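Trainee: I've just opened a new model and would like to talk it through with you. Could we start with the surface and then work inwards?

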Amino acid sequence: MPQLNRTDSLVIGGGPAGLTAAIYLARYRRKVVVIDSGESRAVLIPETHNYPGFADGIAGPKLLDALAKQAKTYGVAIINDRVSDLQKAEAGFLARCSQADISAQRVVLATGLVDRNPPIPGLKEAIDHGAIRYCPICDGFEASDLRIGVLGSAADAASKALFLRAYSKDVALLTLDGKAASEAVCRDLAEASIRLPAAHVVAFERLDERMVAVMSDGSHESFDVIYPALGCDVRSRLGTKLGARHNTLGCLEVDVHQQTTVSGLYAVGDIVSDLHQIAVGTGHAAVAATHIHNSLPRNFR
């Protein structure tokens, strides 16, 4: 077996929430280890203007790099690995990774979520190009007066289309299956002047800086930005396997200190909240880290 490493706190997930928790804990002079698989959703952010303090915007990878550098200045160990299993142990918890087994008194889950992307031709290229944006709360303002497409079933995507209507007069709801929308949904979309093409999307193509939706009837729809509403998978398996209470989506239930129903196990960021915001996740992290510090034995120097 690899060498057993012992630490005060283990943070699983190196996104904004996880790294913020690590920074706080290290500044409390706690020994902290971060296990990061490099799959933070923030990597997909071309540039956000929604995170306070960055009026000119900051790219997700650049923000992650800055947080990682700050954490390392306080001695935080960041290991590029994946936790395959998390168990309760005498000392608190035992996390199994390919590089080492780590024993920790407290654990913070900051594993986030992954957006569902069906195998539509051209969709991955659109994501890589930055024409696909997942969070209208984050960057709907930057889509002001643009031609916006919302991708998903009429029932699931209607609310996102209505939200984005506050930013542009040109919003269309693009379906994937061609199923008819309910009368109520059709009425709401019509009252908001949101288009609902009868044909459904079969592929995406690039046209300069725009994305073109190829429709099932052979027509084409051109957009400046597209927002999917296709659902997501919450990466909370490590917590639910330990018995942590969760909702039907997999989001973990936490108390006012971000502690799950498993004592000593905390959860922050997107695996807790439906409001998927960096500012929300970092707020969770500050609350969790402070409670962890106060719950551990005194570390007088």
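Mentor: Let us fix a term before the surface: accessible areas come from the Shrake-Rupley method with a 1.4 Å probe, and for residues only the protein chains shown count as cover. On that basis the accessible surface of the protein comes to about 14600 Å², of which 52% belongs to carbon and sulfur atoms.

Trainee: Before I go on, what kind of model is this?

Mentor: This is a predicted model, in which local features need pLDDT of at least 70 and side-chain atom pairs count only at pLDDT 80 or more, while totals for chains, interfaces and linings use all residues. Residues are numbered from 1 along each chain as its sequence is written, and side-chain values use heavy atoms, with hydrogens and water left out.

Trainee: How many helices and strands does the protein have?

Mentor: There are eight helices and 15 strands, where helices (H or I, at least four residues) and strands (E, at least two) are DSSP runs numbered from the N terminus. The radius of gyration, taken over C-alpha atoms, is compared with a globule rule of 2.2 Å times the number of residues to the power 0.38. The protein's value of 21 Å is close to the 19 Å that the rule gives for 301 residues, so it is as compact as a globular protein of that length.

Trainee: And what does the C-alpha trace span along the principal axes?

Mentor: The spans are about 70 × 40 × 35 Å.

Trainee: What share of the residues counts as buried?

Mentor: Of the 301 residues, 50% count as buried, which here is under 20% relative accessible area, with exposed over 50% and partly exposed in between (1.4 Å probe, protein chains only). As for contacts, meaning heavy atoms within 4.5 Å, residues 24 or more positions apart account for 58% of those with a separation of 6 or more.

Trainee: Changing topic, is helix α1 mostly enclosed or open?

Mentor: Helix α1 is largely enclosed by the rest of the structure, because 10 of its 12 residues are buried; among them are P16, L19, I23 and L25. The expected span of a helix is 1.5 Å times one less than its number of residues, and for α1 (residues 16-27) this should be 16 Å, which agrees with end C-alpha atoms that are 16 Å apart.

Trainee: Pick one residue in there for me: what does A21 touch beyond its sequence neighbours?

Mentor: Leaving aside neighbours within four places in sequence, A21 is in contact with V108, A285 and A289, and at 0% relative accessibility A21 counts as buried. By contrast with those contacts, the C-alpha atoms of A21 and V43, 22 residues apart along the chain, are separated by 18 Å.

Trainee: Which backbone angle should I look at just after α1?

Mentor: Look at R29, which has a positive phi of about 65 degrees although it is not a glycine. R29 lies in the loop between α1 and β2 (32-36), and at 54% relative accessibility it counts as exposed. D208, in the loop between β10 (201-207) and β11 (210-215), has a positive phi of about 60 degrees and is not a glycine either; at 65% relative accessibility, D208 counts as exposed.

Trainee: Last one: is D139 buried or exposed?

Mentor: D139, which sits in helix α4 (residues 136-139), counts as buried at 6% relative accessibility. Apart from neighbours within four places in sequence, D139 is in contact with R133 and Y227.
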